[in-house]
Amino acid sequence: MLKATLLKAAGSASLKRLVTRNPVARRVAGRFIAGDTLDDAERAIRTLNDRGVSVALDYLGENTESEAQAHESTGAYLAALDRIQEGGLDANISVKLTAMGLDLRQELALEEATRVAARGKEVGAMVGVDMESNVYVDRTLDIVEALKGSYDNVGVCLQAYLYRTRDDLDRLNRVGVPVRLVKGAYQEPPEVAYPQKASVDGAFARLLDSLVQANPYPMVATHDPALVRLTKTLVAKHRRDRDTFEFQMLYGVRRDLQEEVVAEGYRLRVYVPYGTQWFPYFMRRLAERPANLYFFASNLVKR
């Protein structure tokens, strides 16, 4: 119930104004968000790179309402790729198709995503396509497959809590698209997604075997120690080299587990968000773990 309430609150304009104008809330959000600017993000990337950690850079923003906003988002993604190249950073980028106009026209989102994929290929960086709520899945996968024809540096996220994900993973494995597997962070109806955490965990575990065995570059995005252990077991079972897959975790979440994975010699990529449109992302992080919500609440009352 609490998770559902927080996810619903992520779409509240009035709550967004209240939280984003609160200086304490902004400071607490800094645990999960690198900052407002690309310069802020670069500093976070360099700190992580110094610890032996790669980065997936995410310019925050979604559901643009005009072509001008879509072009602006694309410009931010291109600037991030330029900064990665110029700075010699160990990073790639993560993009949202709704930020590039998917709500307006699918063709527009494909055009904008093509520009980003092309620049990513020039730079030598993967362009990871985020998965948003279930109503976008078919259009997202269609765009990713269209990009796959010309760009081998494009991957996509799949969400374990959706019933359909088994078929989607099989489809992507067949065409050779790298997959980032996550549990899922949107509020979905029980008709399309597992409503209980235990069921989501079970679905993730079942999908892992196919991901590790058949995907060209599995990206296992989890902070669950049991699923990290299972991944290691499956990697050994399927005899995958450690340079052919990676773990992924979120900026500011389970730093202890991040350090453990790196110390054991596994690849780790940390998802680093930045930008002024941080409120929806922040609310989804609070909804994921009670510890995040406690951290936020306890800091709000401090003076």
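In the predicted model, strand β1, which spans residues 54–59, is joined to strand β2 by four bridges, and the two strands run parallel. Within this pairing, L57 stands opposite I93 of β2. The connection between the two strands passes through a helix: β1, helix α5 (residues 67–87) and β2 together make a β-α-β unit that is right-handed. From β2 the chain then crosses through helix α6, residues 106–123, to strand β3, and this β-α-β crossover is likewise described as right-handed. Strand β3 (residues 127–129) runs parallel to β2 and is joined to it by three bridges, with G128 of β3 serving as the bridge partner of S94.

Strand β2 itself, formed by residues 91–95, is mostly covered, as five of its five residues are buried. In a regular strand, side chains alternate between the two faces of the sheet. In β2, A91, I93 and V95 point one way, whereas N92 and S94 point the other way, and all of these residues are buried.

In strand β1, the residue S54 was examined individually. S54 has a relative accessibility of 14% and therefore counts as buried, the cut-off for this class being under 20%. When residues up to four places away in sequence are not counted, S54 touches N49, D90, L268, R269 and V270.

Further along the chain, helix α10 comprises 13 residues (225–237) and reaches 18 Å from its first C-alpha to its last, which is close to the 18 Å expected at 1.5 Å a residue. The buried residues of α10 are L227, V228, T231, K232, L234 and V235. Because these buried residues fall within an arc of 165° when α10 is seen down its axis, they line one face of the helix. The elements that cover them include helix α9 (197–214), strand β6 (219–221), strand β7 (246–250) and helix α11 (255–263). On the face of α10 turned away from this buried side, the exposed residues R229, A236 and K237 are found.

The two ends of α10 also show local features. At the start of the helix, a side-chain oxygen of D224 reaches to within 2.9 Å of the backbone nitrogen of A226, while just after the helix R239 takes a positive phi of about 55°.

Methods: Residues are numbered from 1 along each chain as its sequence is written. This is a predicted model: local features need pLDDT of at least 70, side-chain atom pairs count only at pLDDT 80 or more; totals for chains, interfaces and linings use all residues. Side-chain values use heavy atoms; hydrogens and water are left out. Buried means under 20% relative accessible area, exposed over 50%, partly exposed in between (1.4 Å probe, protein chains only). Two strands pair if DSSP finds at least two bridges between them. A crossover is right-handed if, with the strands pointing away from the viewer, the path from the first strand over the helix to the second runs clockwise. The expected span of a helix is 1.5 Å times one less than its number of residues. The arc is that of the directions from the helix axis to the C-beta atoms. Contact means heavy atoms within 4.5 Å. A polar contact is a pair of N or O atoms within 3.5 Å; within protein, one must be able to donate a hydrogen and the other to accept it, and residues adjacent in sequence count only if both atoms are side-chain atoms.
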